[in-house]
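Hi,

Here is the structure I promised to pass on. Have a look at it first, and my notes follow underneath.

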Amino acid sequence: MKKLAIFIFCFISLMCNAGESSYSLFSPDKKIEITVGVTANGNPIYYISKQNKSIINQSSLGFQLVGADSMLCRDLRIVDVKYSSFDETWEQPWGESRFVRNHYNEMTILLQENNQLHRKFKVCFRAFDDGVGFRYEFPQQDSLNYFIIQDEKTEFNIANARSAWWIPSHAEGSYYESLYRNTKIAEINSNAATPFTVALEDGRYIAIHEANLTDYASMTLLPASSTVLKCELVPWASGVKVYACTPFVSPWRTIIIGDKLGDLAESRLELNLNEPCKIEDTSWIKPMKYIGIWWGMHIGKYTWYMGPHHGATTENMKMYMDFAAKNGFGGVLAEGWNYGWECPYYDGNWFNFVTPYPDFDLAEICRYGASKGVQLIGHHETYGGVRNYEAQMEEGYKLYQQNGMHALKSGYVKPKFDKTEWHDGQYGVRHYRYALEKAAEYQLTLDVHEPIKETGIRRTYPNLMSQEGARGQEFNAWSADGGNPPSHVTILPFTRLLAGPLDYTPGVFNFKYPRKDQRARPQSTLVNQLALYVVLYSPLQMACDLPENYEGFKAFDFIKDVPVDWEESKVLNAELGDYVTIARKDRNSENWYVGSVTDEHARELSIPLDFLDAKAKYVAQIYADGAKADYRTNPMDNVYYEKNVTAKTVLKIKLAPGGGQAIRIVKK
Ligand code: NOJ
């Protein structure tokens, strides 16, 4: 790991009286300024500007605890302030960019109550060139030992918001699987999940999220006025929010600040606010493309349970292994291999994670795959039965490890765990972390469906490879509304993907499904599906369609060629909800890949290739929508051609309604 760490510690300790002082912190490039102080009644507050233009106006900080003397947000004074700086470049084991610079200035404010309890806590702010993070730190102290948080008082008073892009969280939006809404802040009518993206009146963008969500409740946002969003923690069933014990730290509250939309997606602030990798040997953690019987189940060709149409049979899995080996896929996913699916109650307590159905010979399938260089990807659907799962977890993980497997997809289809607790409350956060750490012990990577939102934990545990947590491709198989509208995939890179990789499962080539009652299909062209491999980042990318639907298609070459691990990534152009073009450089060659997608409108875009090596020549392999392509009437019309290009070339690309373009740029 390349490490260039400078740690300058400048120590300033100040004594001051409540209401008299405020303290400022600047980002390394001096453009972002954070100011922190206390009001006359001892309420801690902060505000943020960039280049003297306000981003966050005066906003409150603090807590309400359970019990007597509950308010830990007033009658406070600043008793100490410390400053420090940090600059390091670290290497990701896999990612959308190989190197990440972690450069910030830090200011830690110690607050103490004026009353006889003298309870104290710190607020630590970090100013980066691309945004701000802050968190609460509770030192060990006699008057605050075990405590329960009833409410976190953090506010975000957004200056000059034009509109917000958001989805509802837990109670109204299970698993973050909603379509994004674009409204005024005052029009938000339920708890909004984060990442929460705001377009400002002056053309800039901000995204509010959290980093390092560890043993705490997930933050949602509720409007308190037409400009103020208040942090609302997801509760336990009892209504309280967080059980804590000093010393204790909260997750980081993060605000990415972009002069343009693309800056949000290029920021690595979330990762920088997580701890370095805790897994010593990461050689078993490998990005890969995979296939599986998954789409066949969602379109009704196969069943999860054993029967005449069972998908996960030894014979079928071997057929998929053959196809994977022939076409360079690293893994084959097997859902519906274990007892529990036959239970008619859809209840997590029935799932068995150690006993395969009799027509699924786990050891033989793994042996067969290994002989061809393909691994079986395991599957654990819990149906929210977390207690049942945790009781079998070690045995289930051990079974996979003994069979040489390193990848597992997990699932939590039920809005409440063990019938009582939200996924996103402290109970759920604890479970997801437990599963991740246990999986690391058994050298298993996780692809979590119905997850807790990512908050950059993949830096610390890079075996957390991908997650769902969005309306994925599966809605295009069965959703009553016909499937994800074309604009959906133009929004995801600037909302959901700011949290981390997304297992969207692109790659539908056949738009006519076998079942007559099918109500949905992808609202995209075939080339749009190709472009998603570049636009929607994931180190695990599925080619979701049935093998027979890929045979004989030139467009399948793009899926075979496109890498899943990147040296660097750039947003070339974007308009939220309209279109986006992203370029990524392969980590293992000199080749670049470009993906562009549009909403329901046809578009012509100019793409300057000035990111290429100025001294080199390249050939662009272009997969484009055909002249008659249209996601409504003719999704499969596509053309392929090649063109010599250099860094001086400006490509003119045409996208059909719901269309896209996918380009592989090969260095000569
Ligand atoms: C929902 C998941 O998102 C999907 O991928 C999976 O196939 C089903 N649950 C069954 O586990």
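Let me start with one pair of residues: Thr35 stands opposite Tyr47 in E4. This is a predicted model, where local features need pLDDT of at least 70 and side-chain atom pairs count only at pLDDT 80 or more, while totals for chains, interfaces and linings use all residues. Residues are numbered from 1 along each chain as its sequence is written, and side-chain values use heavy atoms, with hydrogens and water left out.

**Around E3**

Helices (H or I, at least four residues) and strands (E, at least two) are DSSP runs, numbered from the N terminus. Strands E3 (residues 32-38) and E4 (residues 44-50) pair in the antiparallel sense over seven bridges; a pair needs at least two bridges found by DSSP. Their hairpin has five residues between the strands, and Gly42 in the turn has a positive phi of about 80°.

On the other side of the sequence, strand E2 (residues 22-26) also pairs with E3 in the antiparallel sense, over five bridges. Here Ser22 stands opposite Gly37 in E3. The hairpin of E2 and E3 has five residues between the strands, and Lys30 takes a positive phi near 65°.

Is E3 covered or open? Mostly covered: seven of its seven residues are buried, meaning under 20% relative accessible area (over 50% is exposed, in between is partly exposed; 1.4 Å probe, protein chains only). In a regular strand the side chains alternate between the two faces of the sheet. In E3, Ile32, Ile34, Val36 and Val38 are buried on one side, and Glu33, Thr35 and Gly37 on the other.

**Salt bridges**

The whole structure has 44 salt bridges, each a side-chain nitrogen of Lys or Arg within 4 Å of a carboxyl oxygen of Asp or Glu. One of them joins Glu567 and Arg98 at 2.9 Å, N to O. Glu567 is in strand E32 (residues 566-575) and Arg98 in the loop between E8 (76-91) and E9 (99-113), so this pair ties together parts 469 residues apart in sequence. Glu567 is partly exposed, at 22% relative accessibility.

Another is Glu394 with Lys438, the closest N and O atoms being 3.1 Å apart. Glu394 lies in helix H6 (residues 386-402) and Lys438 in helix H7 (residues 426-441), so the pair ties together parts that are 44 residues apart in sequence. Glu394 is partly exposed at 31%, whereas Lys438 counts as buried at 11%. There is also a network of salt bridges linking Asp151, Lys153, Lys230 and Glu232.

**The ligand**

Of the 13 residues around the ligand, Trp294, Glu335, Glu381, Lys409 and His449 come nearest; a residue counts as near if one of its heavy atoms lies within 4 Å. The shell divides into four nonpolar, three polar and six charged residues. For that split, Ala, Val, Leu, Ile, Met, Phe, Trp, Tyr, Cys and Pro are nonpolar, Asp, Glu, Lys and Arg charged, and the others, Gly among them, polar.

Which side chains have an N or O atom close to a ligand oxygen? Among them are Glu381 at 2.7 Å, Glu474 at 2.9 Å and Glu468 at 3.0 Å. Taken alone the ligand exposes 300 Å², and the protein buries 92% of that (Shrake-Rupley areas, 1.4 Å probe).

Cheers

Conventions
Polar contact = N/O pair within 3.5 Å; in protein donor to acceptor, adjacent residues only side chain to side chain.
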